[in-house]
Every structure is written in structure tokens, then in C-alpha cells.
Amino acid sequence: MCETKDTKSAMLKGARLRCPQCGEGKLFDSYLKVTASCDACGLDLTPQRADDGPAYIVILLVCHIVGFAMHLMYKSFLDDPLMLALILGGAALALSLALLPPVKGMVVAIQWAKGMHGFDARAG
């Protein structure tokens with residue numbers, strides 16, 4: 001019988017940059033390099049195929065946030081558009097770099113929970 005995995009719980013663990021199975025081991029060896037296996041429970045993480053998905057999600061989120069902020073800040077920086085561009089560009093860069101690891105962790109966790117790309121849905 002196939003055991004169902006809690007996708008929401010796995011996503012929360014992935015957002016905390018932890019193993020989607022046990023929540024204890026580190027998910028990344030470095031900034032965005034997924035570790036080969038969990039050091040706590042031994043889950044093989046090599047089947048993950050996050051590829052460009054997390055980057056697209058982060059771009060979608062950041063562009064909406066910065067676009068909304070631009071509308072709010074436009075009147076304040078009417079005489080200095082370069083300063084507005086620098087502030088929003090810096091904010092977009094910082095927000096993108098901060099969001100990328102948790103979003104990638106969630107994508108890997110979803111793949112694990114759904115048994116995608118070689119993660120065995122019955123193992124667990």
C-alpha cells in the first residue's frame with residue numbers, strides 16, 4: 001500500500017532548508033547546491049530536478065513586489081528617477097538572493113512528496 005506524504009509539511013521543511021523527509025539534515029551543501037543525501041536520515045536527494053523552476057517563481061514574486069513598491073514610491077522620487085531605480089534595483093537583487101534558497105527547497109520538497117523524477121513515492 002502506498003503511503004501518502006504530507007506535501008505542506010515537506011514544503012515547510014524545504015523552506016527552512018532542511019530535509020523534506022526528516023526535517024533535521026541540511027538540504028544544501030552551499031548556496032544552491034542540493035546535497036547528495038541527508039546527513040540525518042540518509043534520504044537520497046540526487047533525483048531532484050529543480051532546474052529553473054525556483055528562479056521563475058522568485059522572478060514572479062519579486063517583480064510583483066517591486067512593481068507595487070514603484071507605484072508607491074513614484075511621487076516621492078519624481079525629481080530623482082535614478083535614485084528610485086537604484087533603490088528598487090537593490091531591493092530586487094537582495095530580495096531575489098534571499099528568496100531563491102527557500103523557494104528551491106520547497107520545489108525539491110514537492111518533488112519528494114509527490115514522488116517525482118525518481119523519488120520513489122512508496123519509499124519514505
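The following legends describe close-up views of a predicted model.

**View 1. Surroundings of T35 in the loop between α1 and α2.** The loop that holds T35 runs between helix α1, residues 7-15, and helix α2, residues 53-73. T35 is buried, because its relative accessibility of 11% falls under the 20% limit. A polar atom of the T35 side chain lies 3.4 Å from the backbone oxygen of S37. Beyond residues up to four places away in sequence, T35 touches K26, L27, F28, D29 and L45.

**View 2. Surroundings of Q48 in the loop between α1 and α2.** With a relative accessible area of 15%, Q48 is buried. The side chain of Q48 places a polar atom 3.0 Å from the backbone nitrogen of A50. When neighbours within four places in sequence are set aside, the residues in contact with Q48 are V34, V108, Q111 and F119. Of these partners, F119 is the subject of the next view.

**View 3. F119 in the segment after α3.** Is F119 buried or exposed? F119 counts as buried, since its relative accessibility is 4%. Apart from neighbours within four places in sequence, F119 is in contact with D44, L45, P47, Q48, V108, Q111 and W112. V108, Q111 and W112 in this list can be viewed together with helix α3, which comprises residues 81-114. The contact with Q48 links F119 to the loop between α1 and α2, where Q48 is found. L45, also in contact with F119, is likewise touched by T35. F119 and I65 are 54 residues apart in sequence, and their C-alpha atoms are 34 Å apart in space.

**View 4. H117 in the segment after α3.** Phi of H117 is near 55 degrees, a positive value in a residue other than glycine. Most residues other than glycine have a negative phi. H117 counts as partly exposed, at 45% relative accessibility. The segment after α3 that contains H117 is also the place of F119, which is buried.

**View 5. L17 in the loop between α1 and α2.** The backbone of L17 has a phi near 65 degrees, and this value is positive although the residue is not glycine. What is the relative accessible area of L17? The value is 30%, so L17 is partly exposed.

**View 6. S30 and P101, a pair of residues separated in sequence.** The place of S30 is in the loop between α1 and α2. S30 and P101 are 71 residues apart in sequence, while their C-alpha atoms are 9.8 Å apart in space. S30 counts as partly exposed because its relative accessibility of 42% lies between the limits of 20% and 50%.

**View 7. K8 in helix α1 and its distance to A113.** K8 is exposed, as its relative accessibility of 61% is over the 50% limit. In sequence, K8 and A113 are 105 residues apart; in space, the C-alpha atoms of K8 and A113 are 9.0 Å apart.

**View 8. Helix α2 and its buried residues.** Helix α2 has 21 residues. From its first C-alpha to its last, α2 reaches 30 Å, close to the 30 Å expected at 1.5 Å a residue. Which residues of α2 are buried? They are P54, V58, V62, V66 and G67. The cover over these buried residues includes α3.

**View 9. A nonpolar patch on the surface, with I87 among its members.** The patch is formed by L82, M83, L86 and I87, and together these residues have about 370 Å² of accessible area. I87 is found in helix α3, residues 81-114. At 34% relative accessibility, I87 counts as partly exposed.

Key:
Residues numbered from 1 in each chain as written. Predicted model: local features only at pLDDT ≥ 70, side-chain atom pairs only at ≥ 80, totals over all residues. Heavy atoms only, no water. Helix = DSSP H or I, 4+ residues; strand = E, 2+ residues; numbered from the N terminus. Buried < 20%, exposed > 50% of the residue type's maximum accessible area, 1.4 Å probe, protein only. Polar contact = N/O pair within 3.5 Å; in protein donor to acceptor, adjacent residues only side chain to side chain. Contact = heavy atoms within 4.5 Å. Patch = residues over 30% accessible without salt bridge, like charges linked within 9 Å, V, L, I, M, F, W, Y side chains within 5 Å. Areas by Shrake-Rupley, 256 points an atom, 1.4 Å probe, with all protein chains shown as cover. Salt bridge = Lys/Arg side-chain N within 4 Å of Asp/Glu carboxyl O. Expected span 1.5 Å × (residues − 1).
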